[in-house]
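Student: I have a structure open in front of me. Could we go through it together?

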Amino acid sequence: VEYTQEQVDEYIKCKNDPIYFAKNYIKIVNVDDGLINFSMWPFQEEMLKLFASNRFVITKCPRQVGKTTTTVGYMLWSVLFNIDYKVAILANKGSLAREILGRIQYAYEYLPLWLQQGIKTWNKGDIELENGSMIWAYATSASGVRGGTYNLVFLDEFAFVQQNMAVDFFQSTY
């Protein structure tokens with residue numbers, strides 16, 4: 001891709017600010033309106049700031065407030081603008097983890113070409129970009145990500161993981 005000066009300036013803004021990137025380039029599917037720009041609430045912006053400035057973040061949010069969508073934007077930003085960034089998505093069911101990965105893929109497809117990385121692997125279980133960044137989707141289990149090294153481990157619906165499995169998961173992962 002040949003970049004214009006405007007695209008270079010925009011790329012730098014996106015790289016330096018996950019909120020700017022999410023507000024201006026993430027597209028989501030709204031139940032009522034279809035494909036729309038991701039319009040964030042102040043608490044979602046605060047979530048992105050927390051993610052970017054803290055190694056460990058736990059959120060406790062009600063259902064249907066956009067926490068997963070916010071995290072999708074952050075995960076996509078992370079793999080696009082960091083070299084060799086590794087993400088594991090874990091959910092209480094493998095199908096939910098794959099659905100979240102699908103949201104990342106959907107948001108990626110609607111990015112302008114000059115923001116995209118080349119794709120090495122693209123399927124329902126994982127993504128690998130040419131910058132070496134990768135995302136995997138797994139069901140939460142005691143050995144789900146054992147042996148891997150990840151920059152970001154996203155646990156969705158973790159409250160629904162059985163207590164004994166949650167303890168085993170933390171022991172094998174952390």
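Tutor: Certainly. This is a predicted model, in which local features need pLDDT of at least 70 and side-chain atom pairs count only at pLDDT 80 or more, while totals for chains, interfaces and linings use all residues. Residues are numbered from 1 along each chain as its sequence is written, and side-chain values use heavy atoms, with hydrogens and water left out.

Student: Which residues have the most contacts inside the largest nonpolar core?

Tutor: They are Phe21, Met75, Leu76 and Ile89, in a core of 38 residues. Such a core is a set of buried Ala, Val, Leu, Ile, Met, Phe, Trp, Tyr and Cys residues joined through side-chain atoms within 4.5 Å. Buried means under 20% relative accessible area, exposed over 50%, and partly exposed in between, using a 1.4 Å probe and protein chains only.

Student: Which helix gives the largest share of this core?

Tutor: Helix H4 does, with 8 residues. Helices (H or I, at least four residues) and strands (E, at least two) are DSSP runs, numbered from the N terminus.

Student: And what is Phe21 in contact with?

Tutor: Leaving aside neighbours within four places in sequence, its contacts include Cys14, Gly73, Leu76, Trp77 and Leu115. Contact means heavy atoms within 4.5 Å.

Student: Now S3. How many of its residues are buried?

Tutor: In S3, 6 of the 6 residues are buried, so this strand is largely enclosed by the rest of the structure. Lys86, Ala88 and Leu90 point one way from S3, whereas Val87, Ile89 and Ala91 point the other way.

Student: Which strand pairs with S3 over 6 bridges?

Tutor: That is S6, in the parallel sense, and Ala88 stands opposite Trp136 there. S3 also pairs with S7 in the parallel sense, over 5 bridges, where the partner of Ala88 is Val153. Two strands pair if DSSP finds at least two bridges between them.

Student: Different topic: how many salt bridges does the structure hold?

Tutor: It holds 5 salt bridges, each being a side-chain nitrogen of Lys or Arg within 4 Å of a carboxyl oxygen of Asp or Glu. One of them joins Glu45 and Lys23, with the closest N and O atoms 2.9 Å apart. Glu45 lies in helix H3 and Lys23 in helix H2, so the pair ties together parts that are 22 residues apart in sequence.

Student: Is Glu45 buried or exposed?

Tutor: Glu45 is buried, at 19% relative accessible area, while Lys23 is partly exposed, at 39%.
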